[in-house]
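Here are three short exercises to work through with the model open in your viewer. Try each one before you read its solution.

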Amino acid sequence: MRWLPFELHTHTPHSDGTHSLLEMCRVAAELGLEGIALTDHNTVSGLADAEAVSRQTGIAIIPGMEWTTFYGHMLTLGAPYCEWRDLGPDDIHKGIARVHEQGGIVGIAHPYSFGSPICTGCHWDYTVSDWNQIDYMEVWHETMPSMKNHNVPAFRQWTELLNQGYRISATAGRDWHRSDPADPLAAYTYIGLPDAPLPHSLTDLIAAIRQGRLCLSMGPLLEVSLNLGADQYGLGSVVPLPVREAHPEAELTVKITGSPRPERPWGAEGGSLIIIDSNLGELAKVPAIEYDGLPIPLTTAGLRWLRVRLFGTINGILTTIACTNAVYFANEQQHEE
Amino acid sequence: MPKDIIAVEGKLTPLSSKTHITYQFHLEHALSSLEIDFRYAPKQFLDREASKPLILEAIENFADPAWAELYKKQWENYYPLQNLLTLSLDSPSGFRGSAHRHAPEQRHMICPDGSKTSPGFIAGDVPSGVWKVTISVHCVVTPDCRYELLVRGTDQ
């Protein structure tokens, strides 16, 4: 599998951004990104330039949009324009179905931003009656996301939904409106893609995001492999119940690869910890430098999901440096898709 | 010379927040371009005393309770509040773009030439048939807010 860093929430002058798609993609390349999703507010007109810009900059561009509605902002990826103006606060599933029917996926953008009149529609107020229909949540929003207050409840809600058995992906999104070199760093969303020749198809990208082959990170990539006997499971995959039951003991390896970018020096060093979160709480908390790439023993009884966080110091502040999406465990109470 | 197709104005109050106003019109003939002028005022709500309770209420509604008091002390960070009205356009065959941006005075052109069509709108022919311009009233915070919308077309 090949892991590529993407920025999944961006704007241009086609809505209220100030950098053109070309300017943004040039800066994206300088920031070490391999791709972006263009998610202008309520329009797709900026995509007319996407092919030329992609060719010129080498940056992959996922077509998207940010539904910027009265009751919440919803990111769509891989679908053409889908209608939102006729939907009320209890109608979001009708809107989600429109996106899914067109082959796209949906994600709740910055669910806990302040809403109207401070930021119109920015707080998620739609009634979600079936969380299986939500493909992803933007749990890390803006620059330096692990330190932003409004991301704390978003991250918590994602965790609670995982606990309830939902399989929901999590992404980072800078909500990138302007290219200012003085801006603090944004997180990458690494996307795990098949070892196929570049460029990857849109279908592969959308499938990877939907499935949760994702690692949110301020720099280092966390590659996770859960080994139960001879079987290996990666992010977004589901361990079948008989496999879990046959293997009460498992081993998890986390390979930490630092970013080549000098402004993102964080990795296994510097006292960082590997933390394995799960529905049963923290399964392990070990020094990253000692366990980088080495097996961490786990017991599998009662697990519904686990994910890996790299916890350490950024600019003197203890925080999450990187966090993966989940590995899931099937069980009798699971919510089937 | 462009000729007028719609020239309307209206007055909104905070009750109009979260509503859409659609002007639907019929083009008898295809045009070479469509032009839209849109403005609304005021943009900012510059009444500090009247803004404070609105901001405090939003903080109460949206902030994590653990931090609400801290945010409330800093309520002026959110002053001044602003009105936000945005435009979108539908041609007889469907969605033709929108201008989700904050400027309270906007001029747009839609035509087959991508370099002349305004950002946010989809370049292409301007066929005959039923068109719609929608004003999405995301938020009106001022006691009243006036808008003007002028749609003009240029013959082929």
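**Exercise 1.** Find where in chain A pLDDT stays under 50, and decide how to treat that stretch.

*Solution.* Start with the overall picture: this is a predicted model, and the mean pLDDT of chain A is 96, with 98% of its residues at 70 or more. Next, look for the exception: over residues 333-337 of chain A, pLDDT stays under 50. The model still gives this stretch six contacts beyond four places in sequence. Finally, the reading: where pLDDT is low, predicted coordinates shouldn't be read in detail. So go easy on those six contacts of residues 333-337 of chain A.

**Exercise 2.** Work out how domain 1 and domain 2 of chain A meet.

*Solution.* First, set the bounds: domain 1 covers 2-216 and domain 2 covers 221-329 of chain A. Their centres, over C-alpha atoms, are 24 Å apart. Now count the contact: 19 residues come from domain 1 and 22 from domain 2. On the domain 1 side, H4 (151-163), S7 (169-173), S8 (188-193) and S9 (214-217) of chain A supply at least two residues each. S9(A) gives the most, with three. By class, that side has nine nonpolar, eight polar and two charged residues.

**Exercise 3.** Describe the side of chain B that touches chain A.

*Solution.* Begin with the totals: 29 residues of chain B are in contact with 24 of chain A. Then go by element: helix H1 (48-62) and strands S6 (84-91), S7 (94-99) and S9 (129-139) of chain B each put in at least two residues. Last, sort by class: this side of chain B has 14 nonpolar, twelve polar and three charged residues.

Conventions
Residues are numbered from 1 along each chain as its sequence is written. Chains are lettered from A and ligands numbered from 1 in the order in which they are written. This is a predicted model: local features need pLDDT of at least 70, side-chain atom pairs count only at pLDDT 80 or more; totals for chains, interfaces and linings use all residues. pLDDT is the predictor's confidence in each residue, from 0 to 100. Two residues are in contact if their C-beta atoms, placed from the backbone, lie within 7 Å. Helices (H or I, at least four residues) and strands (E, at least two) are DSSP runs, numbered from the N terminus. Ala, Val, Leu, Ile, Met, Phe, Trp, Tyr, Cys and Pro count as nonpolar, Asp, Glu, Lys and Arg as charged, and the others, Gly among them, as polar. Domain bounds come from an automatic or database domain assignment.
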